[in-house]
Each structure stands twice: as structure tokens, then as C-alpha cells.
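Subject: Handing over the structure

Dear colleague,

Here is the structure I promised to pass on to you. Please have the sequence and the 3D view open while you read the notes below it.

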Amino acid sequence: MSDHLRERAMDGPARRAAILALLEGADGPVSASALARHCGVSRQIVVGDIALLRAGGVPVTATPRGYVLPRAEGLLRTLACRHSAEDLERELDIMVDNGCTVVDVSVEHPIYGQLTGQLHLSSRYDVGEFVRRVGEPGAQPLSLLTGGVHLHTLRCPDEAAFQRVRDALARAGLLVEE
């Protein structure tokens, strides 16, 4: 590897996050070679990273011209929430039960700035699996870093679904009111 590429090389998780960000922001297919150049690694490393992203549930599709992510329909909206660890599942169930997908969770950390975790939860099954993983040793939700305050990005089929989520979270005392 040339010195130029070595200087730009990233570790695996950072590289996969960069690949995902590039695919999310692309207007069309992105070739493995272009991703490799951007990340400072070989094309074969990118192919392996794509396999790991897929294994993690990211629906990356290979086309003759490169990799793409499916374009999801609906509205993207953000909500500020606050709750204890005990209310995590209830909060997420409210979101998916009202027809929305929980795209991610973000917190504002005083040292590291914004930290975001990709969730892509669309059903109670997805929520249950996530909550199970959070319960494993050494795993904690990001919201514990900020006293329970966090943001969720939701993909909703329409404005009515988003309003149902807002209303249900407010009734449950989980919404940070503006």
C-alpha cells in the first residue's frame, strides 16, 4: 500500500460507517473501486466490508455499476425523548406500532459530540432483538450516557403516523417537550 493510502486508511468500524454514509448520500451506484479509493484500502477489503454490513442487516445491493441502498419511502422526522433504561422497549414499541421505522438513535456527548447508532427497527420482533442485545453483558443504550436524553430519527409513511407517535410518546411521558 502506498504511503498516501496508508495515511488515509481507517479501522474496520470507521471504514464501514464511511461506506454506509457514502452509499446513503449517493444518487446512484457507487463502485467498490471508488469506495476503496475513498477509504484508502483495496477493493477486496471493501467487498469484505459490504459482506459485514449485509450480515449486520444493512440491505446493500450489488448492481453492475456498483453498490446501492434501497430508497425507502416516507418522511424522515426526529424526536427528542427521555426515559430510563426500563422504558426503552416501551418507547420503541410505540414507534413501530404506529407504523414508523426507528432509523437511529443519537446523543450529544459532552466530550465526543454527537454519537449515533443505527437501529433500523420496523417491528416488535426487531425491537425485541435489539432489547435482548442491549441486555447482554457490556452492552448499554447510548441514552445512558446522557441521563436518558436522546434523539430518534424515524421514517414514517405519512405525517399522520408521525403525529400518532408524538402523541403516544407524550401520553407515556417519554417525549421531551419543546
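What follows is an account of what was found, going from the whole chain to its sheet, its cores and its salt bridges.

Please keep in mind throughout that this is a predicted model. The chain has 178 residues, of which 37% count as buried, and its C-alpha atoms fill a box of roughly 55 × 35 × 30 Å when this is taken along the principal axes. Its accessible surface comes to about 10,100 Å², with 53% of that belonging to carbon and sulfur atoms. There are seven helices and six strands, and from the N terminus on they follow the order α-α-α-α-β-β-β-α-β-β-α-β-α. Among the contacts with a separation of 6 or more, 69% are between residues 24 or more positions apart.

The sheet is a convenient place to start. Four strands form an open sheet, in which the order is β3-β6-β4-β5 and the pairing is antiparallel. The edges are taken by β3 and β5, each of which has a single partner strand, so one side of each is left without a neighbour in the sheet. From one strand to the next, the twist averages 20 degrees.

Within this sheet, β4 deserves a careful look, since it pairs with β6 in the antiparallel sense over five bridges and is joined to β5, also antiparallel, by seven bridges. With three residues between them, β4 and β5 form a hairpin. If you follow Val-102, you will find that its bridge partner in β5 is Leu-121, while its bridge partner in β6 is Leu-154; the residue Thr-101, for its part, stands opposite Arg-155 in β6. As for cover, β4 is mostly shielded, with seven of its nine residues buried.

The helix α5 lies across β3, β4, β5 and β6, and runs at about 20 degrees to β6. This helix, too, is mostly covered, seven of its ten residues being buried, and these are Leu-88, Glu-91, Leu-92, Asp-93, Ile-94, Met-95 and Val-96. The buried residues of α5 pack against β3, β4, β5, α6, β6 and α7. Just after the helix, Gly-99 takes a positive phi of about 90 degrees.

The sheet and this helix meet again in the largest nonpolar core, which has 24 residues, and in which Leu-79, Leu-92, Met-95, Val-102, Leu-154 and Leu-169 are those with the most contacts inside it. At least two residues of this core come from each of β3 (75-82), α5 (88-97), β4 (101-109), β5 (113-121), α6 (124-134), β6 (149-156) and α7 (159-171). To see one part of it, you could select Met-95, which, leaving aside residues up to four places away in sequence, touches Cys-81, Cys-100, Val-102, His-152, Leu-154, Val-165 and Leu-169. A second core, separate from this one, has 18 residues, including Ile-19, Val-41, Val-46 and Ile-50.

Turning to charged side chains, the count comes to eight salt bridges, of which I describe some here. Asp-49 forms one with Arg-15, and the closest N and O atoms of the pair are 2.4 Å apart. Because Asp-49 lies in helix α4 (residues 43-55) and Arg-15 in helix α2 (residues 12-25), this pair ties together parts that are 34 residues apart in sequence. Both Asp-49 and Arg-15 are buried, and the two are linked with Arg-16 in a network of salt bridges.

Another salt bridge joins Arg-124 to Asp-97, with 2.6 Å between the closest N and O atoms. Here, too, distant parts of the chain are linked, as Arg-124 is in helix α6 and Asp-97 in helix α5, 27 residues apart. Asp-97 has a relative accessible area of 45%, so it counts as partly exposed.

A further pair is formed by Glu-136 and Arg-132, whose closest N and O atoms are 3.0 Å apart. Glu-136 is partly exposed, with a relative accessible area of 39%, and Arg-132 is likewise partly exposed, at 44%.

With kind regards

Definitions and conventions
Residues are numbered from 1 along each chain as its sequence is written. This is a predicted model: local features need pLDDT of at least 70, side-chain atom pairs count only at pLDDT 80 or more; totals for chains, interfaces and linings use all residues. Side-chain values use heavy atoms; hydrogens and water are left out. A nonpolar core is a set of buried Ala, Val, Leu, Ile, Met, Phe, Trp, Tyr and Cys residues joined through side-chain atoms within 4.5 Å. Buried means under 20% relative accessible area, exposed over 50%, partly exposed in between (1.4 Å probe, protein chains only). Contact means heavy atoms within 4.5 Å. A salt bridge is a side-chain nitrogen of Lys or Arg within 4 Å of a carboxyl oxygen of Asp or Glu. Two strands pair if DSSP finds at least two bridges between them. Axes are lines fitted to C-alpha atoms, for helices over the stretch in contact, and angles run from 0 to 180 degrees between N-to-C directions. Accessible areas come from the Shrake-Rupley method with a 1.4 Å probe; for residues, only the protein chains shown count as cover.
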